[in-house]
Amino acid sequence: MLHRGQKGTGGADGGDGLAVPMAWLYAEYIADELLRTGDLMPPTSFEFRAGRDALALTIFLSDTKEELSGIRVVTQLETWLSLTAYDQPWQDWVCERMDRRTARAAESGRPDPDLELAWAAWRWLEETELLAPDLDAVPGGSVPGEDDGPQVWTPAWRLGLPLGHLAIHLF
């Protein structure tokens with residue numbers, strides 16, 4: 001997405017202005033609102049951040065025309081639901097889309113502040129592990145007296161993605 005700041009603010013001398021990452025910020029805002037509306041976890045929790053970042057990446061990367069598709073939130077909900085569904089290869093899809101956008105940015109020779117923030121979110125989602133219920137545990141295999149059953153350390157995106165998916169459903 002081209003931003004006003006990338007065209008420069010220096011007038012005839014061609015000076016460069018500030019490039020504002022509007023597409024990423026808007027995707028993050030939509031994701032935040034979806035999660036807050038769902039009221040699934042406290043907004044200050046790491047789980048909330050994982051859900052917000054996973055949803056923001058989905059919203060940002062599903063915008064193939066790079067025109068802030070988040071503006072048409074209601075028309076995009078089904079697309080986001082299908083991308084975040086349990087049986088979809090979301091992680092592969094994210095990597096593929098990020099690589100494509102990175103290649104386009106390199107070809108253009110212009111920095112892409114949206115992409116920089118998306119990469120930062122993706123790195124956090126991949127590198128951060130959160131303690132979460134073990135969804136692959138044998139049913140009924142919890143220890144008596146244990147409140148939530150077995151838990152495992154899992155990459156943040158594996159927890160954030162289903163939270164984001166549920167938030168879309170609740171919207």
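## Briefing: a buried aspartate in helix H1 and its surroundings

Asp 32 is buried, because its relative accessible area is 14% and buried means under 20%. The model is predicted. The protein has 171 residues, and 42% of them are buried. Its secondary structure comes to 6 helices and 2 strands. A search of the whole structure finds 6 salt bridges.

**Overall architecture**

- Along the sequence, the elements follow the pattern α-α-α-α-α-β-β-α.
- Five helices therefore come before the two strands, and one helix comes after them, as the pattern α-α-α-α-α-β-β-α shows.
- Take the contacts with a separation of 6 or more: residues 24 or more positions apart account for 69% of them.
- The accessible surface of the protein is about 10000 Å². Carbon and sulfur atoms hold 54% of that surface.

**Helix H1**

- H1 covers residues 22-38. It has 17 residues.
- From its first C-alpha to its last, H1 reaches 24 Å. That is close to the 24 Å expected at 1.5 Å a residue.
- The buried residues of H1 are Ala 23, Trp 24, Ala 27, Ile 30, Ala 31, Asp 32, Leu 34, Leu 35 and Gly 38.
- These buried residues of H1 pack against four helices: H2 (46-62), H3 (73-84), H5 (113-127) and H6 (156-170).
- Asp 39 follows H1. The phi of Asp 39 is positive, near 50 degrees.

**Asp 32 and Arg 36**

- Asp 32 sits in helix H1.
- Leaving out residues up to four places away in sequence, Asp 32 touches Phe 48 and Arg 52.
- Asp 32 also forms a salt bridge with Arg 36. The closest N and O atoms of this pair are 2.6 Å apart.
- Arg 36 and Asp 32 are separated by about one helical turn, because they lie 4 residues apart in helix H1.
- The two partners differ in cover. Arg 36 is partly exposed, with a relative accessible area of 44%, whereas Asp 32 is buried at 14%.

**Helix H2 and the H1–H2 salt bridge**

- H2 has 17 residues and spans 24 Å from first C-alpha to last. The expected span, at 1.5 Å a residue, is also 24 Å.
- H2 is mostly covered, with 14 of its 17 residues buried.
- The side chains of Glu 28 and Arg 52 meet in a salt bridge, at 3.8 Å from N to O. This pair links distant parts of the chain: Glu 28 is in helix H1, Arg 52 is in helix H2, and 24 residues separate them.
- Glu 28 counts as partly exposed because its relative accessibility is 22%, above the 20% under which a residue is buried.
- Arg 52 is buried because its relative accessible area is 19%, which is under the 20% cut-off.

**Arg 101, Asp 112 and the salt-bridge network**

- Asp 112 and Arg 101 meet through their side chains in a salt bridge, with 4.0 Å from N to O. This pair, too, links distant parts of the chain. Arg 101 belongs to helix H4 (90-108), and Asp 112 to the loop between H4 and H5, 11 residues apart.
- Both Asp 112 and Arg 101 are buried.
- Elsewhere, Glu 28, Arg 49, Arg 52 and Asp 53 form one network, joined by salt bridges that share partners.

**Nonpolar surface patch**

- Val 20, Met 22, Leu 25 and Leu 117 make a nonpolar surface patch of about 290 Å².
- Leu 25, one of these patch residues, lies in helix H1.
- Leu 25 counts as partly exposed because its relative accessibility is 38%. A patch residue needs over 30% relative accessible area, so Leu 25 at 38% qualifies on that count.

**Pro 162 in helix H6**

- Pro 162 is found in helix H6.
- Its relative accessibility is 39%, so Pro 162 counts as partly exposed.
- Pro 162 and Ala 85 are 77 residues apart along the chain. Their C-alpha atoms are separated by 7.5 Å.

Terms used. Residues numbered from 1 in each chain as written. Predicted model: local features only at pLDDT ≥ 70, side-chain atom pairs only at ≥ 80, totals over all residues. Heavy atoms only, no water. Patch = residues over 30% accessible without salt bridge, like charges linked within 9 Å, V, L, I, M, F, W, Y side chains within 5 Å. Areas by Shrake-Rupley, 256 points an atom, 1.4 Å probe, with all protein chains shown as cover. Buried < 20%, exposed > 50% of the residue type's maximum accessible area, 1.4 Å probe, protein only. Contact = heavy atoms within 4.5 Å. Expected span 1.5 Å × (residues − 1).
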